[in-house]
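Me: Can you walk me through this structure? Keep it short, please.

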Amino acid sequence: MTASKVIEVPLASTNDVLEIDCDNLPEDVEVICDILNKEVPTLRFHHIFALEYYKQGFVDKAIITLKRGIGKSNQPNSSDKMQLLLLLANVYVQKAKTIHAAAERELFLQMAGTLLNEAERTCPGDGDTALVRGMLALARRQPEAALREFAQAKGVAALMGTARTLFGRKQYAQALGAYQQALALRPRGRPDPRIGIGLCLEKLGHAAAARRAFERAAAVDAAAAAPLVLLGTMDLNAAKLAAQHQRGAEAAALVRSGMARFEAAWRLQPANAAVLLRLADRLCWRGGWERARAVAERALAAADTMAMEAEAHYAVGRALHGAARFDAAHDAYARALAINARHVLARYGLAQTLLQRADMSGAEAALARVLDAQPRCTEALRALGYLHARLPNTKAKALEYYERAMAELNDAPRLDAAGDADLFLEAALLYEATAARKAARAYGVAAALLGARAVPELWNNIGALAHTTGGGGAARDAYQRAADLLRGDASARARQTRATLAYNVALLYERAGRWRRAEAHYGALLQLAPGYADARLRLAHIALVFRAQPDAALAHIARVLAHDPRRAAALLLRGTVELARSRVQDARRAFEAVLKDVAKHDTYALCALGNFHLAAGRAEAARAAELPDARARVREQAAASYRRALEFFDKSLQIDGRC
């Protein structure tokens with residue numbers, strides 16, 4: 001058990017000594033201030049007690065103690081007074097880091113600047129003043145000014161400030177040199193330069209050397225939590241890499257090691273925000289959302305900087321998000337961004353919650369800002385693809401984002417089976433309408449990623465696309481894999497998929513010219529699913545084209561129309577059959593019924609009617625040659641038919657230029 005620290009205060013009135021236990025400092029700071037003002041002529045003890053209050057988290061009491069000491073001094077050039085001024089300025093700088101409101105934060109920084117000016121007047125040219133000015137410049141995000149001040153200050157603390165500034169500017173090699181100088185001058189210094197050395201080495205790609213630096217820091221100070229947190233983080237990062245390369249046992253061992261380090265750090269400092277955030281992160285990975293939220297809220301209460309507070313709000317939002325509490329998660333992400341607008345993960349989480357609210361414009365704006373910060377972020381690219389796939393007239397934009405995401409994944413060392421497969425599936429669904437070969441490739445990649453977890457519907461789609469692009473053998477193989485997966489499954493979903501699969505297999509035979517086998521498969525399918533209209537229409541087509549039985553074809557079509565009189569495919573096929581029977585007017589009425597009652601923009605019906613009027617015009621033109629007396633009138637009728645045909649063809653091309 002550690003012995004209590006005791007401060008002995010000499011009392012001028014009695015020549016005695018007052019012992020004050022630092023573990024039991026008076027709650028009323030005025031008690032200490034009264035004793036120091038009445039009994040102690042020097043200012044040194046104001047500095048000592050202010051530091052103790054500050055270390056214990058009583059910032060306001062530290063400020064009061066320092067102000068009393070500064071107000072007590074009547075010596076304009078006192079070194080002790082200067083130390084009080086510098087400490088109070090430093091406290092103001094640290095307090096400013098925890099304040100959200102820009103105006104209030106700037107007020108504390110201005111008060112720190114005023115105190116530094118007074119310290120400079122008290123003891124001109126003192127290096128300690130330059131040191132605190134450097135810290136003030138860092139708080140104001142003025143790295144150049146900070147480096148100038150630290151260069152004037154000299155000493156180990158100035159070296160640490162220089163190193164920190166260089167690290168913030170991503171000048172890792174130069175920062176490493178400054179940290180190493182600080183370590184050489186003060187091997188037992190606090191904060192430990194080895195932490196900075198390890199961070200620089202990690203950024204420079206020397207992971208093994210960084211690990212050794214953190215391990216040495218942990219060995220030198222067994223009570224330090226920071227090196228344990230950093231080592232635990234390295235273990236978890238290495239575990240992810242091992243898992244990507246299918247080294248499962250190694251990954252599991254690294255996870256256990258990392259968690260053991262976090263737990264050890266937590267035992268050392270149960271209120272350390274960084275430790276709590278790492279524990280909350282791990283709980284999120286395990287799906288323990290409520291426990292993660294509770295731990296993140298403890299981190300929020302313990303956060304002593306704005307950066308740490310932003311991280312804690314993000315962690316709270318992430319836990320709420322995982323628990324499907326989207327509105328609360330949105331608010332937590334927004335609080336994180338109010339503190340740190342550059343927090344990319346919070347911005348991405350905010351976009352996800354906006355998608356849940358169906359706020360597409362807000363989500364798109366948030367995701368665009370994520371891409372501004374990280375242009376190669378596959379998650380943001382995929383989310384934008386998902387968003388545009390569900391907006392009208394933006395399918396091409398969706399494919400653009402999906403293609404960018406897939407291109408990024410091509411450079412990845414290993415793909416994530418489940419998450420990345422979904423990306424390729426989503427892209428394939430969009431490709432189906434415009435690029436069958438690309439859709440087939442995307443489905444193939446998804447199937448390869450999913451392996452044994454690929455569902456029969458996926459193999460059915462792969463088979464249908466292979467069939468469309470001329471790969472009959474590949475189509476049969478894919479259909480067989482789907483059938484194997486469906487074997488023994490009696491669910492409603494399986495029955496539906498089995499029917500679709502049977503239809504696709506029959507269609508494969510039909511397209512291969514094996515119409516008798518196709519006819520048998522369609523018939524068997526209708527025994528299982530009598531309402532499968534597409535199968536009955538294919539039988540009608542076979543009856544017309546292969547068997548030359550238009551009456552049988554019409555009978556099949558009639559059964560379909562009895563259940564669905566507005567089915568466009570049935571009406572169009574009936575028109576085709578009537579044309580084959582030379583019943584031109586009946587055919588025209590069938591095509592017109594589609595445009596009038598079903599879909600006025602159906603390009604097939606428009607083209608069919610265009611062809612009808614074109615044929616009529618040609619017939620009338622031929623008849624004009626045979627009727628000299630009525631030639632002018634018949635030619636006008638032919639011209640009217642041609643104009644009508646042109647109208648239908650033109651409208652069809654306006655709808656689909658590929659007609």
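**Charges, cores and a hairpin**

Reply: Glu250 is partly exposed, at a relative accessible area of 37%. Keep in mind that this is a predicted model.

Me: Which residue does Glu250 form a salt bridge with?

Reply: Arg247. The closest N and O atoms are 2.5 Å apart. Arg247 also counts as partly exposed, at 36% relative accessibility.

Me: How many salt bridges does the structure hold?

Reply: There are 36. One of them joins Glu400 and Lys397, at 3.9 Å from N to O.

Me: Where do Glu400 and Lys397 sit relative to each other?

Reply: Both are in helix α21, residues 395–410. They are 3 residues apart, so about one helical turn separates them. Glu400 is partly exposed, with a relative accessible area of 37%. Lys397 is partly exposed too, with 35%.

Me: What about Arg643, which side chain does it meet in a salt bridge?

Reply: Glu636, at 3.1 Å from N to O. Arg643 has 46% relative accessibility, and Glu636 has a relative accessible area of 45%.

Me: Which residues are linked in a network of salt bridges?

Reply: Asp551, Glu578, Arg581, Arg583, Asp586 and Arg589.

Me: Now Arg347. Is it buried or exposed?

Reply: Buried, yet it has no salt bridge. The nearest side chain of opposite charge is Asp372, 8.9 Å away. A salt bridge needs N and O within 4 Å, so that pair does not count.

Me: Where is Arg347, and what does it touch?

Reply: Arg347 lies in helix α18, residues 344–356. Leaving out residues up to four places away in sequence, its contacts are Leu337, Ala341, Ala366, Arg369 and Val370.

Me: New topic. Which residues touch the most other members of the largest nonpolar core?

Reply: Tyr431 and Tyr522, in a core of 101 residues. Helix α26, residues 492–511, gives this core its largest share, 9 residues. Another core, of 40 residues, lies apart from it. Its members include Leu25 and Leu84.

Me: Last one: strand β1. Which of its side chains are buried?

Reply: Ile7, Val9 and Leu11, which point to one face. Val6, Glu8 and Pro10 point to the other face and are not buried.

Me: How does β1 pair with β2?

Reply: In the antiparallel sense, over 6 bridges. Ile7 stands opposite Ile20 in β2. The two strands form a hairpin with 4 residues between them. In the turn, Asn15 has a positive phi of about 55°.

Terms used: Residues numbered from 1 in each chain as written. Predicted model: local features only at pLDDT ≥ 70, side-chain atom pairs only at ≥ 80, totals over all residues. Heavy atoms only, no water. Buried < 20%, exposed > 50% of the residue type's maximum accessible area, 1.4 Å probe, protein only. Pairing = 2+ DSSP bridges. Lys, Arg positive; Asp, Glu negative; His and termini not counted. Contact = heavy atoms within 4.5 Å. Core = buried A, V, L, I, M, F, W, Y, C linked by side-chain atoms within 4.5 Å.
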